[in-house]
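Pull up the structure and turn it around for a moment before reading on. We'll walk through it piece by piece, beginning with a loop.

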Amino acid sequence: MATLVFSPAAFLRPKPLRCRLLLPKPLASASSLTPPTPRADPVGGSDSDPDPTPLFLRPASHRLPAAALAAFRRRAAALVPPSAPHLHRHLRWLLADATAANDPDPASRSDPALLRAPLDDLEAMWLRHVRGRRPFQYVVGNEHWRDLVVAVREGVLIPRPETEAVVDMVKRVEGFADGWWADLGTGSGAIAVAVARELGAGGRVFATDVSEVALEVARLNVQRYGVQDKVEIRHGSWFEPLEDVKGKLMGVISNPPYIPTVDLPGLQPEVGWHEPMLALDGGKDGLEHLLHLCEGLSSVLKPGGFFIFETNGDKQSEFLVDLISTKWSSSFRNVEAVLDFADIKRFVTGYRR
Ligand SMILES: C[S@@+](CC[C@H](N)C(=O)[O-])C[C@H]1O[C@@H](n2cnc3c(N)ncnc32)[C@H](O)[C@@H]1O
């Protein structure tokens, strides 16, 4: 496992304004996406970086004449048309993450510039983004999510903006602060970290995943935000790692894989070529994991406990609300579909009786 460098200065830097609208689309938008094309790696070699440390956490130890950096900037900008303003914005962010001064226009301000990666690596990163359709978040190794800068890398789902609302809903649950919570399929650990930061002295989050890569990244994020005393990371499938806390949980949170298998070939390249199928593939109708979660829920929640599942949207949520309110009506109350910021019924929530 690579050593990941923790830099307090980088950690405390102000969050740059990053427009979310042009970052990867919600998982639900598969149907409107570019038809699949063969995966391409324009710079050759493996898709993943040799150094998985997020760019902004690497030491700024590479000196480069300002003129060489300015030339890179011009070369990189020339690769993208003016009609793709989001790529020009990504170039500014790449330069900001790559420079000691977190400066989107470093070539104009310091000479030599101090970079966090050799120029050849930046060139390769940029090519993989603009030619290989590698998500910008994997290129720089982080995503801005709520008030967090979450480390991500290949093998781990990039947390999506619509998932941010989960934390707000959970915070409103009576008894939230001192409850025990499970974040099932934690991925980068974004939800677990955000929830943990709001908990009181008795609160705890069990963050689980079957993916070892995800848990490695989740561990890093937990450590970076100093919530190791609140988040316990456990490996295993869904409820399996929770045997010892059965019937004791205040809440279960999960954003499981929910894309119907038949829709996977239609995913936009940034998602379908690069994000882990383990995090996307929801099986038949996208419901395989969601149904498993619904079935096991009553055994882990304590009476009055809350659950929230993210879904692919409207139909899946409506189906699950119907199912839980009929098949398990004796176990759950107040089961409902909750809208996301795009007015899609994205979440299913309810309480254990
Ligand atoms: C859609 S991603 C969500 C990641 C993260 N919670 C988020 O919201 O960004 C689904 C996650 O479920 C995990 N997963 C898939 N199958 C699983 C299983 N059987 N048990 C536990 N986790 C699983 C994947 O590895 C992935 O991290």
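Let's start at Ser331, which sits in the loop between α12 (314-327) and β10 (332-339). One thing to keep in mind as we go: this is a predicted model. Is Ser331 buried, exposed or partly exposed? Count the C-beta neighbours inside 10 Å and you get 16, so Ser331 goes down as partly exposed. Leaving out residues up to four places away in sequence, Ser331 touches Ser298, Arg352 and Arg353. Pro303 is worth a look too: Ser331 and Pro303 are 28 residues apart in sequence, yet their C-alpha atoms are 9.1 Å apart in space.

Now step back into α12, the helix on one side of that loop. Its 14 residues should span 20 Å at 1.5 Å a residue, and the end C-alpha atoms are indeed 20 Å apart, so expectation and model agree. Which residues of α12 are buried? They are Gln316, Ser317, Leu320 and Ile324. Looking down the axis of α12, you'll find these buried residues within an arc of 95 degrees, so they line one face of the helix. The spacing makes sense, because an α-helix has 3.6 residues a turn and residues three or four places apart point the same way. Packed against the buried residues of α12 are α11 (288-300), β10 and β11 (345-352). Flip to the face turned away from that buried side and you meet the exposed residues Asp322 and Thr326.

Carry on past Ser331 and you come to two residues with unusual-looking labels on a backbone plot. Asn334, in strand β10, has a positive phi of about 50 degrees although it is not a glycine. Asn334 counts as exposed, because it has 10 C-beta neighbours inside 10 Å. Asp343, in the loop between β10 and β11, also isn't a glycine and has a positive phi of about 65 degrees. With 8 other C-beta atoms within 10 Å, Asp343 is exposed.

For a second helix, jump back along the chain to α3 (residues 85-98). Its 14 residues reach 20 Å from first C-alpha to last, close to the 20 Å expected at 1.5 Å a residue. The buried residues of α3 are His90, Leu91, Leu94, Leu95, Asp97 and Ala98. They take up an arc of only 165 degrees around the axis, which puts them on the same side of α3. What covers them? The cover includes α2 (66-78), β2 (113-115), α4 (119-130) and α5 (136-140).

Between α3 and β2 runs a loop, and Ala100 lies in it. Ala100 counts as partly exposed because it has 17 C-beta neighbours inside 10 Å. Setting aside its neighbours within four places in sequence, Ala100 is in contact with Ala60 and Leu114. Ala100 and His62 are 38 residues apart in sequence, with 9.8 Å between them in space, C-alpha to C-alpha.

Next, strand β5 (residues 180-184). Five of its five residues are buried, so β5 is largely enclosed by the rest of the structure. Which way do they point? Trp180, Ala182 and Leu184 go one way from β5, while Trp181 and Asp183 go the other. In a regular strand the side chains alternate between the two faces of the sheet. The partner here is β6: β5 and β6 pair in the parallel sense over five bridges. To find the register, look for Ala182, which stands opposite Phe206 in β6.

Strand β6 also brings us to the ligand. It has 22 residues around it, the closest being Pro159, Gly185, Gly187, Asn255 and Ala279. At least two residues of that shell come from each of α7 (190-196), β6 (204-209) and α10 (277-280). Sorted by class, the shell has 12 nonpolar, nine polar and one charged residues.

Finally, zoom out to the whole chain. It has 12 helices and 11 strands, and 45% of its 353 residues count as buried. Of the contacts with a separation of 6 or more, 73% are between residues 24 or more positions apart.

Definitions and conventions
Residues are numbered from 1 along each chain as its sequence is written. This is a predicted model: local features need pLDDT of at least 70, side-chain atom pairs count only at pLDDT 80 or more; totals for chains, interfaces and linings use all residues. Helices (H or I, at least four residues) and strands (E, at least two) are DSSP runs, numbered from the N terminus. The expected span of a helix is 1.5 Å times one less than its number of residues. A residue is buried if 20 or more other C-beta atoms lie within 10 Å of its own, exposed if 12 or fewer, and partly exposed in between; C-beta atoms are placed from the backbone. The arc is that of the directions from the helix axis to the C-beta atoms. Two residues are in contact if their C-beta atoms, placed from the backbone, lie within 7 Å. A residue is near a molecule or strand if its C-beta atom, placed from the backbone, lies within 6 Å of it. Ala, Val, Leu, Ile, Met, Phe, Trp, Tyr, Cys and Pro count as nonpolar, Asp, Glu, Lys and Arg as charged, and the others, Gly among them, as polar. Two strands pair if DSSP finds at least two bridges between them.
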